[in-house]
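Biologist: I am new to this structure and should be grateful for a close look at a single part of it. Would you please take me through the sheet and its surroundings?

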Amino acid sequence: MYQALTMAAVLPKNAEQPKSSQPRLVVQGEQALMWYVAESPSPQALIAVQLACALLQQHCVDDLVELVPAATSILIVFDLLKTDHASIAERILKLWPLQLPQGQQLGRVVALPCYYDVEVAPDLARLANLHQLSITEFIQCHSSQRYQVNAIGFAPGFAYLGDVPAAIATPRLATPRARVPKGSVGIAGSQTAVYPANSPGGWNVIGNCPLVMFDLNRQPVMPLSVGDAVQFVAIDRAEFLRLGGEIGEWQPCVSSHE
Amino acid sequence: MNEQPTAMSGFLIQQAHALVQVQDAGRHGYAKVGVTAGGWLDATAARLANALVDNSANAALLEIALGGFRAQAQAECVIALTGANLPITINGIAQSRYQRIQLITGDVISVGYANRQGARCYLAVHGGLQTAEILGSRATVLREQLSPFAGAPLTAGQLLPFQPSRAYGSLSLPYPWHYRHRRFRRLALVVGAQAEFLRSQLASVSAQIYQVSPAADRMGVRLQGYAVAMPHLNLISEGLSVGAVQLPPDGQPIVMLRDHQTMGGYPKLGALCRQSQALLGQALPGDFCQFALIDAPTAIIKARAYEAQLSAIEQQLRSQAGAWRV
């Protein structure tokens with residue numbers, strides 16, 4: 001039975017191209033297909049993901065339930081009453097190989113203001129110290145890098161941004177906090193992110209972004225999508241408050257030994 | 001059924017808990033921004049409840065997990081209860097599932113606890129619950145703070161709004177469509193994803209009996225039993241679909257249900273078919289299950305055939321409901 005489930009069963013019979021030039025498609029259940037557009041994460045992979053998403057929207061829109069882009073893949077959830085794996089695969093074959101635009105960024109660059117200060121960032125001083133940087137140097141390091149939105153998930157509006165410079169990459173807290181205030185900008189390993197709402201969390205908090213990152217009453221509901229580039233811009237307290245930022249209350253870690 | 005031109009009324013909740021939730025078919029198209037689908041776990045029971053009160057298939061209703069619900073109708077309304085065989089009473093008098101019931105103003109409906117009769121029962125009211133829509137759906141996802149009451153669980157004192165309604169005559173559903181609890185279920189699994197390296201283990205996995213652990217909620221169900229031996233993998237996070245069977249490092253499968261997170265990085269054995277997802281939504285800790293492997297084209301044929309049957313019975317119920325309309 002397993003044999004029937006490999007890609008050969010999904011791809012149309014007339015697909016006689018050499019294996020390497022075929023799109024990599026994997027069944028994800030009765031109504032979903034994963035399209036791996038790249039082997040490993042890279043800025044180029046994200047461009048491919050974005051392009052593939054746009055093409056799928058164009059060619060399969062009536063049959064789609066969800067498209068979930070990630071760093072190297074797109075999960076395609078379709079309506080099984082209207083179509084099936086083979087039909088989606090056939091359409092993907094026609095889009096393959098992807099014609100990637102050369103030397104240009106496909107996504108937008110979104111500037112996110114960030115108030116880097118110990119009053120909103122309990123881990124800022126500790127991380128600067130850990131990496132033997134002054135707080136100013138640390139801020140400079142975090143805000144000079146241009147990040148890419150690698151994936152969106154975990155919680156509504158939570159965008160994984162990467163990669164932070166190796167000089168400030170820091171593993172997540174051993175014990176997560178019970179409550180991280182909305183807007184908190186965190187670092188976990190080589191990733192950085194803005195918490196779109198109050199939530200539990202284990203990322204090192206180094207600043208706060210006053211913009212609303214997820215709003216049910218707006219379209220689109222969030223300012224970022226996968227593949228976009230993000231540039232943090234350091235702002236002062238007055239600007240932070242003017243943009244609607246709030247000085248949150250901090251709770252100690254879930255357990256006392258951090 | 002006869003819609004009264006009166007203003008919105010509703011059920012005044014006297015007793016509820018976090019697992020009594022307003023649900024519909026779910027919130028679709030927002031996984032890309034991290035919003036999960038939500039929606040009723042047992043689609044068959046929910047849709048039949050809606051059909052019994054002549055609602056559209058997507059009308060919002062109440063999903064009552066494990067019982068523990070009591071409310072008073074603030075106006076006359078037509079209701080039906082389906083799903084798990086929990087003790088239902090109206091003003092203290094026992095009622096059957098899978099039939100249309102006329103409530104009058106002041107009636108108190110109560111859903112009690114039962115042992116091993118299934119996990120979830122559905123209460124539909126004609127016209128649907130009129131709670132606020134969020135991103136095109138009334139489905140509750142507490143983890144994402146998406147619920148009619150600003151993200152909070154339902155509690156006593158809240159009003160679940162509906163349009164008053166009245167119907168004449170009776171309507172009930174034949175017994176074969178009633179949910180019957182079984183302590184053992186076969187779950188249809190479409191093998192996929194990282195199964196390449198799991199090939200040698202598929203035979204053993206499908207030969208094993210798993211038990212539903214207490215770690216079972218709307219997000220997912222953790223199974224206990226044979227631990228799938230796992231090579232060390234560093235997978236890149238990718239989109240997660242409903243029904244996906246994830247394998248965390250301990251090799252004990254976790255089946256994703258409607259409130260699943262939208263991204264995951266664990267290897268996957270495959271994904272359960274929709275009917276099997278519904279069965280797992282009714283399963284209780286301690287129940288048993290076994291994976292039955294199925295290929296994708298067969299799964300689609302079966303899903304379409306089932307949908308045709310279900311649509312036919314829905315249509316039949318609606319046409320009968322229509323005959324009684326005044």
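**The sheet and its domain**

Modeller: The domain assignment divides chain A into domain 1, covering residues 2–95, and domain 2, covering residues 109–242. The model is a predicted one, and chain A has an average pLDDT of 86, with 88% of the residues scoring at least 70. Over residues 1–19 of chain A, however, the pLDDT is below 50, although this stretch has 28 contacts in the model beyond near neighbours in sequence.

The sheet itself is open and consists of four strands of chain A in the order S1-S2-S4-S3, with antiparallel pairing. Strand S1 (24–27) and strand S3 (64–69) of chain A are its edges, each pairing on one side only. On average, neighbouring strands of this sheet are turned by 20° against each other, direction ignored.

Within the sheet, strand S2 (residues 32–36) and strand S4 (residues 73–78) of chain A run antiparallel and are joined by five bridges. Leu33(A), for instance, has Ile76(A) in S4(A) as its bridge partner. Helix H3 (residues 85–95) of chain A packs on the sheet, where it touches S1, S2 and S4 of chain A. The direction of helix H3 makes about 25° with that of S2(A).

As for the wider setting, the centres of domain 1 and domain 2 of chain A, taken over C-alpha atoms, are separated by 32 Å. Contact between these domains involves nine residues of domain 1 of chain A and five residues of domain 2 of chain A. On the domain 1 side, helix H2 (residues 43–60) of chain A supplies the largest share, five residues. That side comprises eight nonpolar residues, one polar and no charged.

Notes:
Residues are numbered from 1 along each chain as its sequence is written. Chains are lettered from A and ligands numbered from 1 in the order in which they are written. This is a predicted model: local features need pLDDT of at least 70, side-chain atom pairs count only at pLDDT 80 or more; totals for chains, interfaces and linings use all residues. pLDDT is the predictor's confidence in each residue, from 0 to 100. Two residues are in contact if their C-beta atoms, placed from the backbone, lie within 7 Å. Two strands pair if DSSP finds at least two bridges between them. Helices (H or I, at least four residues) and strands (E, at least two) are DSSP runs, numbered from the N terminus. Axes are lines fitted to C-alpha atoms, for helices over the stretch in contact, and angles run from 0 to 180 degrees between N-to-C directions. Domain bounds come from an automatic or database domain assignment. Ala, Val, Leu, Ile, Met, Phe, Trp, Tyr, Cys and Pro count as nonpolar, Asp, Glu, Lys and Arg as charged, and the others, Gly among them, as polar.
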